[in-house]
Amino acid sequence: MKHVLGIDIGGSGIKGAMVDLKKGQFATDRLRIETPQPATPKAVIKTVKKIVEHFDYSGPLGVGIPSVVQNGIVKSAANIDKGWIGYPGQKELAKSTGCDVTLLNDADVAGVAEMKYGAGKDRNGAVMIFTLGTGVGSVMFIDGKLIPNLELGHMYLQYMKHDAEDHMASRIRDEEGLSWKEWGARLNTYFQHIDALFSPDLIIIGGGVSKKHEKFLHHIDVNAEVVPAQLRNEAGIVGAAVSAVS
Ligand code: BGC
């Protein structure tokens, strides 16, 4: 199968596109619909169904969601409605769309795409990928093998007095009007902890903000090699599509 639909459920938008799996690129324009508020399972699934119908699609469907997902069951809900916790998301999405659905954590699927087509391609050892957006997604691959459902955005750093992501997500830079230097200093503190705890060989920084990497990457001073993601905002959709057929 050459073209597969990938959908990325985000805190502010739900996005989908047909993905060319050979190239790891969109084969169509991306469709984005505002995430319904509150982002309850019912409301979100209705939006996903609209995207599937827009593409007139009935094949295997990959969906990323900002939650821990185990065996198709959603186990956490940081930036979506708490009604998702314990919800059989994969089964209900399949029922509503008629597609064979694979539901996984949004950062995990973005990581899969980045390892297959982007900055992590052909890289062994410990590779960590972080997506900086509404929340902070975290992914780790050991010799190309994914360790699913890491939640390092919720690492608690005492001096921050709350979850790390509420201090250094891309959303916080906007909300607090931080300069690149101020935000970069927060990233540096966070990634120095990550570096000390995991000793990764490579850290890949993704999320929409990674297209402005030259404004902040130099503030991150760690032992690991640090590079921007190559697929950026497309990674979530591309990786969801890849995961649907692998
Ligand atoms: C969620 C993660 C998610 C990340 C990025 C965090 O708040 O807990 O599951 O991967 O945001 O969306």
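**Backbone geometry and ligand environment**

P38 is found in the loop that runs between β4 (31-34) and α1 (41-54), and in this predicted model the peptide bond joining Q37 and P38 is cis, with an omega of about -5°. A further backbone feature concerns D122, a residue other than glycine whose phi is positive, near 60°; D122 belongs to the loop between α3 and β9 (126-132). Most peptide bonds are trans, and most residues other than glycine have a negative phi.

The ligand occupies the space of the largest pocket, and the elements that contribute two or more residues to the shell around the ligand are α3 (106-117) and β10 (136-142). In total, 13 residues surround the ligand, and the closest are N105, D106, E151, H154 and E165. By class, this shell is made up of 6 polar, 4 nonpolar and 3 charged residues. Residues of the shell come both from domain 1, which is assigned to 3-106 + 235-245, and from domain 2, assigned to 119-230, so the ligand lies between the two domains.

Polar contacts to oxygen atoms of the ligand involve side-chain as well as backbone atoms of the protein. In the case of E165, an N or O atom of the side chain lies 2.9 Å from an oxygen atom of the ligand, while for N105 the corresponding distance, again from an N or O atom in the side chain to an oxygen atom of the ligand, is 3.0 Å. S67 takes part through a backbone N or O atom, which is placed 3.4 Å from an oxygen atom of the ligand. Of the 310 Å² of accessible area that the ligand has on its own, the protein covers 94%.

Definitions and conventions: Residues numbered from 1 in each chain as written. Predicted model: local features only at pLDDT ≥ 70, side-chain atom pairs only at ≥ 80, totals over all residues. Heavy atoms only, no water. Near = heavy atom within 4 Å. Polar contact = N/O pair within 3.5 Å; in protein donor to acceptor, adjacent residues only side chain to side chain. Areas by Shrake-Rupley, 256 points an atom, 1.4 Å probe, with all protein chains shown as cover. 1 Å grid on protein atoms, 1.4 Å probe; cavity = no way out; pocket = protein on both sides within 12 Å on 5 of 7 lines; lining within 4 Å. Sits in = over half its atoms within 2 Å of the grid points. Helix = DSSP H or I, 4+ residues; strand = E, 2+ residues; numbered from the N terminus. Nonpolar A, V, L, I, M, F, W, Y, C, P; charged D, E, K, R; others polar. Domains from an automatic or database assignment.
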